[in-house]
Amino acid sequence: MKILMTGAAGKLGSQLQALLQDDHEVADADIVGNVSHRLDITDYAACRSLITDLRPDIVLHPAAWTDVNGCALNPEKALLVNGVGTGHLAAITGERGLPMLYVSTNEVFDGAQFREYKEYDRPNPINAYGYSKWYGERAIAAVNPRHYIVRSAWLFAHGGGNFIHAILEAARVGQPIRVVTNEIANPTYTKDLAEAIVKLIESERIGIYHLVNEGAVSRWQFARFVLDQAGFAETSIARISRHEWPRPSLTPEHSALANVAGASIGIRLRPWEDAARAFLDAEAAV
């Protein structure tokens with residue numbers, strides 16, 4: 001299978017490429033990084049030209065602007081990249097009858113129902129990032145019936161720049177740690193998500209999927225678990241409300257996802273605790 005991968009320089013895109021490249025022909029594209037094809041997804045003509053030239057069998061689209069606070073400060077850019085850019089790819093693949101997989105987020109939900117969201121619960125984003133990703137979902141559904149929409153949550157990956165790394169660094173330098181107790185979702189290892197996505201496209205079962213490591217937890221509980229596992233059991237974490245942690249973006253309070261559709265075809269991710277342990281073991285081995 002010939003695959004066009006957007007966002008190939010990103011953490012999820014690079015993980016997907018590593019899994020797929022032995023058995024498939026992967027054309028890696030991104031606006032940054034060391035990739036074979038430079039692609040700005042907000043440029044419709046460039047998207048059309050690349051897809052026309054490469055003639056892929058499927059387009060995998062993990063590319064996104066994932067800076068949630070940045071999106072809140074610049075919602076027009078968020079909509080252009082995550083919404084309109086996705087719409088470009090959706091229109092081009094749709095008219096060619098090509099399947100397309102789009103990676104979306106738990107933040108398309110408002111977090112107000114205080115139970116896990118299932119795949120066909122109604123989205124109601126409350127921030128610019130969630131709205132831009134929901135726009136992308138709507139764009140695909142409108143023009144390409146052969147779509148996979150994959151929502152995930154609280155991704156952590158090797159290479160720094162995520163919640164686990166921030167908590168561990170604070171503990172190492174003795175910085176006071178304050179973490180919110182009333183944001184709840186599913187911590188998800190990019191390695192596990194990538195493996196699940198590969199299984200999904202090989203199944204050829206199009207639709208909407210919630211692919212997350214199993215189990216929901218608060219930010220505080222997640223941080224406590226990480227510190228305990230990493231040898232910082234004596235490090236204290238102050239409990240705060242999300243309203244005590246001011247940030248540009250309003251986050252959904254309870255945006256945990258339930259994997260119903262994926263589980264029905266045998267695609268399940270391990271519990272988040274097991275995934276976090278595996279992540280920490282891999283980090284320690286580097």
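Which residues of α7 are buried? To answer that, select helix α7, residues 190–203, in this predicted model, and colour the chain by accessibility: the buried residues are Thr190, Asp192, Leu193, Ala194, Ala196, Ile197, Val198, Leu200 and Ile201.

**Stop 1: helix α7 and its charged side chains**

With α7 still selected, place a distance between its end C-alpha atoms, which are 20 Å apart, in agreement with the 20 Å that its 14 residues should span at 1.5 Å a residue. Just after the helix comes Glu204, whose phi is positive, near 60°.

Now show the side chains of Lys191 and Glu195, which form a salt bridge with their closest N and O atoms 2.9 Å apart. Both residues belong to α7 and are 4 residues apart, about one turn of the helix. Glu195 counts as partly exposed because its relative accessibility is 30%, between the 20% and 50% cut-offs, and Lys191 is likewise partly exposed, with a relative accessible area of 32%.

Next, add Asp192 and Arg270, a salt bridge in which the closest N and O atoms are 2.7 Å apart. This pair links distant parts of the chain, since Arg270 is in strand β15 (residues 269–271) while Asp192 is in helix α7, 78 residues apart. The two partners differ in their exposure: Asp192 counts as buried at 6% relative accessibility, whereas Arg270, at 30%, counts as partly exposed.

**Stop 2: Glu183 and Arg219**

Select Glu183 and Arg219, whose closest N and O atoms are 3.6 Å apart in another salt bridge. Here too the pair links distant parts of the chain, with Glu183 in the loop between β8 (178–180) and β9 (184–185) and Arg219 in helix α8 (residues 219–229), 36 residues apart. Both Glu183 and Arg219 are buried. A search of the whole structure finds 12 salt bridges.

**Stop 3: Asn186**

Move along the chain to Asn186, which lies in the loop between β9 and β10 (188–189). Asn186 is buried, its relative accessible area being 0%. Its side chain reaches the backbone oxygen of Gly215 at 3.2 Å. If you display its surroundings and leave aside neighbours within four places in sequence, the residues in contact with Asn186 include Glu116, Trp154, Asn213, Gly215 and Ser255. For a C-alpha to C-alpha distance, try Ser152, which is 34 residues from Asn186 in sequence and 8.1 Å from it in space.

**Stop 4: helix α4**

Select residues 75–96, helix α4, which has 22 residues and reaches 31 Å from its first C-alpha to its last, close to the 32 Å expected at 1.5 Å a residue. Look along the helix towards Val81, where α4 bends by about 25°. Val81 is itself one of the buried residues of α4, which also include Asn82, Gly83, His88, Leu89 and Ile92. To see what covers these buried residues, show α2 (44–54), β4 (58–61), α3 (68–73), β5 (100–105) and α5, which are among the elements that do so. Beyond the end of α4 is Gly97, with a positive phi near 70°. Before leaving this region, show Arg48, Glu95 and Arg96, which are linked in a network of salt bridges.

**Stop 5: two buried glutamates**

Select Glu107, in the loop between β5 and α5. What is the nearest side chain of opposite charge to Glu107? That side chain is Arg247, 5.8 Å away, and Glu107 is buried yet has no salt bridge. The side chain of Glu107 does, however, join that of Asn127 through a polar contact of 2.6 Å. Leaving aside neighbours within four places in sequence, the contacts of Glu107 are Val68, Pro125, Asn127, Tyr129, Gly130 and Pro252.

Finally, select Glu137, which is placed in helix α5 (residues 128–143). Glu137 counts as buried because its relative accessible area is 4%, under the 20% cut-off. Its side chain makes a polar contact of 2.8 Å with the side chain of Arg151. Not counting residues up to four places away in sequence, Glu137 touches Tyr102, Ser104, Val108, Ile149 and Arg151. To finish with a distance across the model, take the C-alpha atoms of Glu137 and Ala284, which are 37 Å apart in space and 147 residues apart in sequence.

Definitions and conventions. Residues are numbered from 1 along each chain as its sequence is written. This is a predicted model: local features need pLDDT of at least 70, side-chain atom pairs count only at pLDDT 80 or more; totals for chains, interfaces and linings use all residues. Side-chain values use heavy atoms; hydrogens and water are left out. Buried means under 20% relative accessible area, exposed over 50%, partly exposed in between (1.4 Å probe, protein chains only). Contact means heavy atoms within 4.5 Å. A polar contact is a pair of N or O atoms within 3.5 Å; within protein, one must be able to donate a hydrogen and the other to accept it, and residues adjacent in sequence count only if both atoms are side-chain atoms. The expected span of a helix is 1.5 Å times one less than its number of residues. The bend at a residue is the angle between axes fitted to the seven residues ending there and the seven starting there. Lys and Arg count as positive and Asp and Glu as negative; His and the chain ends are not counted. A salt bridge is a side-chain nitrogen of Lys or Arg within 4 Å of a carboxyl oxygen of Asp or Glu.
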